[in-house]
Structures are given as structure tokens and as C-alpha cells.
Number of protein chains: 2
Amino acid sequence: MSGAWLDHIRWTEDGLVPVIAQEQGSGQVLMFAWMTRESLALTAEEGYAVYWSRSRRKLWRKGEESGHRQRIHEIRLDCDEDVILLIVEQIGGIACHTGRHHCFFRRLHDGEWQTVEPVLKDPKAIYDG
Amino acid sequence: MSGAWLDHIRWTEDGLVPVIAQEQGSGQVLMFAWMTRESLALTAEEGYAVYWSRSRRKLWRKGEESGHRQRIHEIRLDCDEDVILLIVEQIGGIACHTGRHHCFFRRLHDGEWQTVEPVLKDPKAIYDG
């Protein structure tokens, strides 16, 4: 995990950085997750998004089970050097574990969260298929 | 700060939620910040983004000094109910305190962070002008 570029990042006390994944072309914000130094280094090396699962406390190669990997087009860093933006190609067109194109499918309307994006594939078919 | 919709959000232990601001129309990811329950309620009420400044520990009405406010078009919530996506109109076309259109102006290229977005307005002119 060499690379001076990794030293530029202001990691949290837990050694994490927040990451936004945006779809190349459509510009759709697909999801939000976290990375460690190791997972970001692997993301750059392998050319596919590797996150850090905070709940499972392990590396999470996005799409490992579902096939819905994210091919990296660009890795960007913000002004404060503490947030990463990935521009990705979303393989299979499904970023969300609910089977939707992206994770931000609830929209606030008249004081209620309304689901405004369709399920493209049954999650059972994604993970057991 | 009533509103059952606020109770749906899974706030961090510190009472925060991460927020991504995306530009209406262009789809550009402008910035990343945090909100408290109060700031999110005010964002919905006032129709302009009100963040929580973690460094200053106070409400941060984006654009208060610079005039570069963010008019709210949509407020979205993700699948895990712990990340907010705002779709906004960026008043003045400048979201970043460096005077750039957005905060993600560094791109990883051959192992180095390169600045790939121009300064549109001198920060001195933004904040002292």
C-alpha cells in the first residue's frame, strides 16, 4: 500500500474515508460507503471498487456475490482532502442491494418518504441466483 | 422539529447524518457535509441547505456569507436510511470555498492528485467582497 497519494487523505480516527460512487455518463449518485487505506489502494490497483464494510469489519469487493461490480473511471478527492468521489461504470446497472439502480430511491414528499425508483431485479435472484 | 420523516433516519451516535449535494440539471456532485436533525428540518422548512459545521459546532447556512446558497429541489434518503442526497440549484454556480464550481477538483492520475477544475472566483472576493 505504498503511494504518497494515500498520505494526502485525511483519514478519520478509525482510519476511514467516506466515498460517494457516481455513475459515469448518467451522473447518477449510486451509493455512499466507506474505505480504508487498504481498500482504496486495492480499488486503484484492481480498477474496481473495494469498500470497507463497517458492519462486517472486512474488505467488501462490491459485486463479489451479485456480479454488480463498479469499474473505476475516475478517483477524485475534495477540497478538504477527506472525501472521495468515484466515477464508475455500474456493471449490470444495479448498485443497490434492494435490486434498484441506485440507493437513493426514497424522496421526501409532503412530509413523507416515498419510494420513487423501481426494483429492476428481485434481490433473491441477485444473491441466490 | 416535528415530523415523523425525521424519525426514519438512522442518525449516528453524535446525532448526525452524512449529506451529498448534487446539482440539479448537470448532475455534478458539488460537496459532502453533515446535518443534525435540526439542520435537516430547517433545510426542509426554509428550502435552502442548512448543514452542521462539525469544526465550528454550529448550524451552517450554506452561502450565508458568500451568497452561494443551495436551493432545494429534492431531498432523498438511501436504502439503509442513513445517508441523505440533496438535489439543489447552486446559486452563483460556486459550491466550493476555493471558488470552484464543486469541491471534487482533484483527480488521481499516475499516482498523483491533479487539480482539474478552474477557480471561477477568487475566494477573497467571495468572502470579503
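Where in chain B is the place of B:Asp110? The legends below work up to that spot and then answer, using a predicted model throughout.

**View 1. Two copies and the axis that relates them.** Any two copies of a chain can be related by a rotation about an axis plus a shift along it. Here, chain A lands on chain B after a turn of 180°, with 0.0 Å of shift along the axis and an RMSD of 0.0 Å. The two copies are thus related as by a two-fold rotation axis. Both copies use the same surface, since 100% of the contact residues of chain A turn up again in chain B. If you want a landmark, look for A:Gly27: of the residues of chain A, its C-alpha comes closest to the rotation axis, at 2.6 Å.

**View 2. Where chain A meets chain B.** Each side chips in here: 30 residues from chain A and 30 residues from chain B make up the contact. On the chain A side, the elements giving two or more residues are strand 1 (16-23), strand 2 (29-36), strand 5 (70-77), strand 7 and strand 8. Strand 5 of chain A supplies the largest share of that side, with 4 residues. Sorted by class, the side of chain A that touches chain B holds 17 nonpolar, 7 polar and 6 charged residues.

**View 3. Strands that pair across the two chains.** Zoom in on strand 5 of chain A, and you'll find strand 7 of chain B as a pairing partner. The two strands run in the antiparallel sense, and the pairing covers 2 bridges. To spot a bridge for yourself, find A:Leu77 and look across to B:Arg106 in strand 7 of chain B, its bridge partner.

**View 4. An unusual backbone angle in chain A.** Most residues other than glycine have a negative phi. A:Asp110 goes the other way: it isn't a glycine, yet its phi is positive, about 50°. You'll find A:Asp110 in the loop between strand 7 (106-109) and strand 8 (112-115) of chain A. Is A:Asp110 buried or exposed? A:Asp110 counts as exposed because it has 6 C-beta neighbours inside 10 Å, and the cut-off for exposed is 12 or fewer.

**View 5. The matching spot in chain B.** Now for the opening question: B:Asp110 sits in the loop between strand 7 (106-109) and strand 8 (112-115) of chain B. B:Asp110 also has a positive phi, about 50°, despite not being a glycine. With 6 C-beta neighbours inside 10 Å, B:Asp110 counts as exposed.

Definitions and conventions. Residues numbered from 1 in each chain as written. Chains lettered and ligands numbered in written order. Predicted model: local features only at pLDDT ≥ 70, side-chain atom pairs only at ≥ 80, totals over all residues. Least-squares fit on C-alpha atoms with pLDDT ≥ 70 in both. Contact = placed C-beta atoms within 7 Å. Buried ≥ 20, exposed ≤ 12 C-beta atoms within 10 Å, placed from the backbone. Nonpolar A, V, L, I, M, F, W, Y, C, P; charged D, E, K, R; others polar. Pairing = 2+ DSSP bridges.
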